[in-house]
Amino acid sequence: MERLGRWLSGGALALVILFLLLPILVVIPVSFTEAPVFRFPPEGFSLQWYEKIGRVDGLLGAIGLSARLALLATVISLLLGTLCAIALVRGVVPGAAAVSAFMLSPLMLPGLVLGIAMLQALREVGLRDAWWSLLLAHVVITLPFVMRTVLASLSLFDFGMVDAARTLGCSYPVALWRVLVPNILPGFVSGALFAFIASFDNYPVSMFLVDVRTKTLPIQLLNYLEISPDPTLAAVSTCLIALTVAILLLCDRLVGLRRLAPV
Amino acid sequence: MNDQHLAVRGASKRFGTASVLDDLSLAVARGEFVSLLGPSGCGKTTLLRCIAGLLRLDAGSIAVAGRDISALPAHRRNVGVVFQNYALFPHLTVAQNIGFGLRAQGVRAAEAAPRIAEALALVRMAEFADRPVTALSGGQQQRVAVARALVVRPTLLLLDEPFSALDRKLRETMQVELKHLLREVGITAIFVTHDQEEALVVSDRIAVMNAGRIEQLADPATLYQRPASLYVLDFVGQSMRLGGTVSAAGLGEVTVETRLGTVRAPGAFAPGSRVVVAVRPEAVTLTETPPGGRNTLAARVSEVSFLGSRTQLHLDLPAGEDRGVVELPRLPPGIGPGSAVPLAFPIADTMVFPAA
């Protein structure tokens, strides 16, 4: 009986993993097809769709824009988020629990609501520039990801270590750098990772803030799909999968995946 | 003690409206071990953090080796601290933990290496140099913390409840071991503790603290035998104490009427004063025909506790200021809960305090 249960749960796990993974894995062979349509199994082998990424109007520009946007938003969120988290954890803020819940709230808020609200608010104060609007909105989107992981790391951090470093000859900022930063590095890395991805593939918020010349990758991809649905999209997706895997491997090397996603 | 190594003068510190240190002064000689003993909230840890520079005094001064360090930040005081939970750096190995302070002070690696090795050998942790500190036992972590604090050659070592994280058996071993090690190094050390037994073991002198002040600063024997106040009497060791009224006084001796009988004690109080007489548990014997110079009382036993090397009798006394603990090397036959016992104790060992 017990064995049957174990088989059943193991089988369910395998099925769910398959269900999650198959659609993603299908994209990869399709990107190498010779046929001009999405079809599985792919016919023949060619790199023409990868070539086409560069020739499709605005696609490379959109990749560059999304990358710049995600990178900058992540860096700003890391700096702001860490300082905010220290303030919240050290208990210098009255009502720290309520404040941190508020700062994490964009995670729970539907993107559409956030997008409309940002559009309204930014236009109200007279900001019409798409790039700056997107950057501000993406900082709002990425901040909770950084806050969440840094708060979690900091709550486990013993600030007595900073005191110890100070009595051993480190000034306060040096003590933070040499003791606090290495100990919450996994929090930094995983927070940055989630933040980058959240910004890079954000659709519902960006949708309201882009203009004709400033389009992020997800929006550009959907536009392209509506005009000419060919395997170029599969090629772009495959590149993104490769990039994600590369980043994960790098993080594993740096801090270890186990520390990135504590169970 | 004119060789003052640490001198705290008029130290005051408030947190909001609460006064944590209240015009406190303390002088410690070079090479001396002093314990700050008191219940939580008495200000002992605050005083330690002020000496380390992790907190600033509101008023008063702190001098080490004749130099006023009150205005210096923590990293320029060169005062070593062993923290309660050791605060070792989990991202570094044992050797890197010990070398942390040397690196912070800009000591070159070539010069640091032999000093780290020497510190490791001092605490008998040489074979653990490259282990992560997270893999060490409590006692080993404590040794690393001590080595890390000592390797920078501090002028003073502060230890905040250094044994509280260890289990009882290990604590007793480490207390003696650490005392011996620090004596060897010849450093001046201040221990903060709420455990009176620990204070008695490790210190040359003990400062009993109460509400931000030092109630009494004395060597362990004096503190135990001649406590300056009821507070010290109760905090250090156990006692039999009885409230009463002075009925006669003269020639450096008072006669006190207590609930259990008349007690004579050396002291000077006006007749009619409310006082508390007390005697340490081991000064009491059970005998109906004591030799001269003793007080005798009759009491009833409420509970007997066997402690191995001795046996404690708890006396049946009404609640209030009376408390009765008597210790005997061996329990006489036929004595148990409910027995009536004749108590005798030397007049010279009887203490008398003004009632609180």
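Here are some worked exercises on a predicted model with chains A and B.

**Exercise 1. Find the cavities and say which residues line the largest cavity.**

Step 1. Start with the count: there are 2 cavities of 30 Å³ or more.

Step 2. Take the largest cavity, with a volume of about 50 Å³. Its lining is made of B:Val123, B:Gln142, B:Arg143, B:Val146, B:Met174, B:Glu177, B:Leu178 and B:Leu181.

Step 3. Put those residues on the fold. Helix H4 (138–150) and helix H5 (168–185) of chain B are the elements that give two or more residues to this lining. H5(B) gives the most, with 4 residues.

Step 4. Sort by class: you get 5 nonpolar, 1 polar and 2 charged residues.

**Exercise 2. Work out which elements give two or more residues to the lining of the second largest cavity.**

Step 1. The second largest cavity holds about 40 Å³ of space.

Step 2. List the lining by chain. From chain A come A:Ala164, A:Thr167 and A:Leu168; from chain B come B:Gly80, B:Val81, B:Phe83, B:Arg148 and B:Ala149.

Step 3. Now the elements. Helix H7 (160–167) of chain A gives two or more residues, and so do strand S6 (79–82) and H4 of chain B.

Step 4. By class, this lining has 5 nonpolar, 2 polar and 1 charged residues.

**Exercise 3. Look at B:Glu177 and B:Arg143: what joins them, and how far apart are they in the chain?**

Step 1. Check the side chains. B:Glu177 and B:Arg143 form a salt bridge, with the closest N and O atoms 3.2 Å apart.

Step 2. Place each partner: B:Glu177 sits in helix H5 of chain B and B:Arg143 in helix H4 of chain B, so the link is between distant parts of the chain, 34 residues apart.

Step 3. Check the cover. B:Glu177 has 22% relative accessibility and counts as partly exposed, while B:Arg143 has 18% and counts as buried, the cut-off being under 20%.

Step 4. Go back to Exercise 1: B:Arg143 and B:Glu177 are both in the lining of the largest cavity.

**Exercise 4. Describe the salt bridges of B:Lys13 with B:Asp58 and of B:Asp204 with B:Arg183.**

Step 1. For context, the whole structure has 18 salt bridges over all chains.

Step 2. In the B:Lys13 and B:Asp58 pair, the N to O distance is 3.9 Å. B:Lys13 lies in strand S1 (residues 4–15) of chain B and B:Asp58 in the loop between helix H1 (44–52) and strand S4 (59–64), so this bridge ties together parts that are 45 residues apart in sequence.

Step 3. Compare the cover of these two partners. B:Lys13 is buried, at 9% relative accessible area; B:Asp58 is partly exposed, at 47%.

Step 4. Move to B:Asp204 and B:Arg183, where the closest N and O atoms are 3.2 Å apart. B:Asp204 is in the loop between helix H6 (196–202) and strand S9 (205–210) of chain B, and B:Arg183 is in helix H5 of chain B, so parts 21 residues apart in sequence are tied together.

Step 5. Both of these partners are partly exposed: B:Asp204 at 24% relative accessibility and B:Arg183 at 40%.

Step 6. One more thing to spot: A:Asp163, A:Arg166 and B:Arg49 are joined into one network by salt bridges that share partners.

**Exercise 5. Say where B:Asp23 and B:Ala87 lie, and whether each is buried or partly exposed.**

Step 1. Keep a general rule in mind: most residues other than glycine have a negative phi.

Step 2. B:Asp23 isn't a glycine, yet has a positive phi of about 50°. This residue lies in strand S2 (residues 18–29) of chain B and is partly exposed, at 47% relative accessible area.

Step 3. B:Ala87 also has a positive phi, near 50°. B:Ala87 is in the loop between S6 and helix H2 (94–104) of chain B and is buried, at 2%.

**Exercise 6. Contrast A:Val16 with A:Val205: which is buried and which is partly exposed?**

Step 1. A:Val16 is found in helix H1 (residues 2–30) of chain A and is partly exposed, with a relative accessible area of 47%.

Step 2. A:Val16 also helps make a nonpolar surface patch of about 790 Å², along with residues including A:Leu13, A:Ile17 and A:Phe19.

Step 3. A:Val205 is in the loop between helix H9 (185–200) and helix H10 (206–209) of chain A and is buried, at 1%.

Step 4. Finally, find a partner in space: the C-alpha atoms of A:Val205 and A:Ala137 are separated by 7.4 Å, with their positions 68 residues apart along the chain.

Note on methods:
Residues are numbered from 1 along each chain as its sequence is written. Chains are lettered from A and ligands numbered from 1 in the order in which they are written. This is a predicted model: local features need pLDDT of at least 70, side-chain atom pairs count only at pLDDT 80 or more; totals for chains, interfaces and linings use all residues. Side-chain values use heavy atoms; hydrogens and water are left out. On a 1 Å grid over the protein atoms alone, a cavity is a set of points where a 1.4 Å probe fits but cannot get out, and a pocket is an open set with protein on both sides within 12 Å along at least five of seven lines; lining residues have an atom within 4 Å of a point. Grid points are joined across faces, edges and corners, and a volume is the space filled by probe spheres set on the points. Ala, Val, Leu, Ile, Met, Phe, Trp, Tyr, Cys and Pro count as nonpolar, Asp, Glu, Lys and Arg as charged, and the others, Gly among them, as polar. Patches are made of residues with over 30% relative accessible area and no salt bridge: like charges are joined within 9 Å, nonpolar side chains (Val, Leu, Ile, Met, Phe, Trp, Tyr) within 5 Å. Accessible areas come from the Shrake-Rupley method with a 1.4 Å probe; for residues, only the protein chains shown count as cover. A salt bridge is a side-chain nitrogen of Lys or Arg within 4 Å of a carboxyl oxygen of Asp or Glu. Buried means under 20% relative accessible area, exposed over 50%, partly exposed in between (1.4 Å probe, protein chains only).
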